[in-house]
Amino acid sequence: MENLSNQDENEDAGYHQSPRSIDPNDQSASETPVYSTMSIDSFVYPRTCSETTSGFSDHIDETNSFCSEASPCNWPVLTESKLDESSKCLTDMSGSGKGVCTAVTISNAITNLYATVFGQNLRLEPLETEKRAMWKREMNCLLSVCDYIVEFIPRCQNLSNGATVEVMESRPRADIYINLPALRKLDSMLMEALDSFQNTEFWYAEEGSLSMKSARSATGSFRKVIVQRKEEKWWLPVPLVPSEGLSDKARKQLKNKRESTNQIHKAAMAINSSILSEMEIPESYMATLPKQCGKSSVGDSIYRYMSSSGRFFPEQLLDCLNIASEHEAVQLADRVEASMYTWRRKACLGNSKNSWNMVKDLMSNTERTDKNYVMAERAETLLFCLKQRYPELSQTSLDICKIQYNKDVGKAVLESYSRVLEGLAFNIVAWIDDVLYVDKTIRGSE
């Protein structure tokens, strides 16, 4: 770390030299709090990285997933004070005077339904008939609320006398009209993907805790102990393949299925990110931001780099940070996001002018020289690059807070539906990776 002098944030940017490396431990960042959900019975569900993912110590070459460790979002239960704040929301099925918001209730219902139907499904095999029927029946019920979230659009109507008039007709709200059919299609494609794993060349050991040595003696599939399961993944079933490995046809089909499912995962994740970005930022989150400056969120070393003179290179900054785990990446995302909104708020507060002058200033380029505006833009760019580098990153504290305080039922349905489909697609990809990893290890041992 180069010995660079500190700069007060109220000074103008542009007086620092870019350091060659950044010490991730050199920071004065305040921890961004983790927010609780609005339901006591809510199932803890991460954005993508599931505890039902890959159980082996390495991934195959085709795998480029960032996180192989379990990293669920920590959603504690609701405190009494939060329940008091939600007293104006609709009550739950208990009929008590206090309840959770309808939007959060539906979101938790979809999440819990996913846990019930797919929580014990840890293999590449068709879903049980009863669970498939439950998933379809309950989801149709939960999604039916979107039929009543409509907007009016103009439509031309021809009358019997030849005249044309414009009338208003209702249709699903724009975000629902676009995203809900797409999510239903992704849902159907994932069910078809699971159905395709019948009469496969691979199979599973009866118990996830079965050691590889005992599995070999029981099935005769392994000539020596060459595949090591992670100890913390003892409950996951062990995929087994013939002693000569999979056939070329089966291997090709698995890789093609992995690629198509990975595309489903990306599509669901894109929809989820879009819905989250449209949700309002809760006042409770803004209240937790630093009052003085965004520097306290990102830390001294990162701030010095971001406020350096010349062009800002976020990729270079990420390289210098040497992020080693998903936990570190999520922490960085939380800090950068907090600093971004801190600087945006300061930029708005600095424009204490009448409305017309503010409009003129916003239309001009002079505001872009404002330090807070520049720093907010750089923080947004850094956050975007971070999420691009680690696409399977868990939800940030702001995302969790948005879900917790969201009052829009339509957005709650779309967010939770896309999130569970994203998780299912991610798990299927991980299970395919497990089979391909075992196959590759078997063939490599020959």
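The following legends describe three close-up views of a predicted model.

**View 1. Confidence along the predicted chain, with two stretches of low pLDDT.** The protein has a mean pLDDT of 75, and 66% of its residues reach 70 or more. Across residues 1-45, by contrast, the pLDDT is below 50. This stretch nevertheless has 133 contacts in the model beyond near neighbours in sequence. The pLDDT is also below 50 over residues 208-227, and there the model contains 44 contacts beyond near neighbours in sequence.

**View 2. The second largest cavity and its lining residues.** Two cavities of 30 Å³ or more are found when the whole structure is searched. The second largest cavity has a volume of about 40 Å³. Its lining consists of Ala-103, Val-104, Ser-107, Met-279, Ile-403, Asn-406, Lys-411, Ala-412 and Glu-415. Helix H2 (102-118) and helix H15 (409-445) are the elements that each give two or more residues to this lining. Sorted by class, the lining residues of the second largest cavity are five nonpolar, two polar and two charged.

**View 3. The buried side of helix H10 and the residue that follows the helix.** Helix H10 comprises residues 314-321, and its buried residues are Pro-314, Leu-317, Leu-318, Cys-320 and Leu-321. These buried residues lie on the same side of H10 because they cover an arc of only 160 degrees around the axis. Asn-322 follows H10 and has a positive phi, near 55 degrees.

Technical notes. Residues numbered from 1 in each chain as written. Predicted model: local features only at pLDDT ≥ 70, side-chain atom pairs only at ≥ 80, totals over all residues. Heavy atoms only, no water. 1 Å grid on protein atoms, 1.4 Å probe; cavity = no way out; pocket = protein on both sides within 12 Å on 5 of 7 lines; lining within 4 Å. Points joined across faces, edges and corners; volume = space filled by probe spheres on them. Helix = DSSP H or I, 4+ residues; strand = E, 2+ residues; numbered from the N terminus. Nonpolar A, V, L, I, M, F, W, Y, C, P; charged D, E, K, R; others polar. pLDDT = per-residue confidence, 0-100. Contact = heavy atoms within 4.5 Å. Buried < 20%, exposed > 50% of the residue type's maximum accessible area, 1.4 Å probe, protein only. Arc of directions from axis to C-beta.
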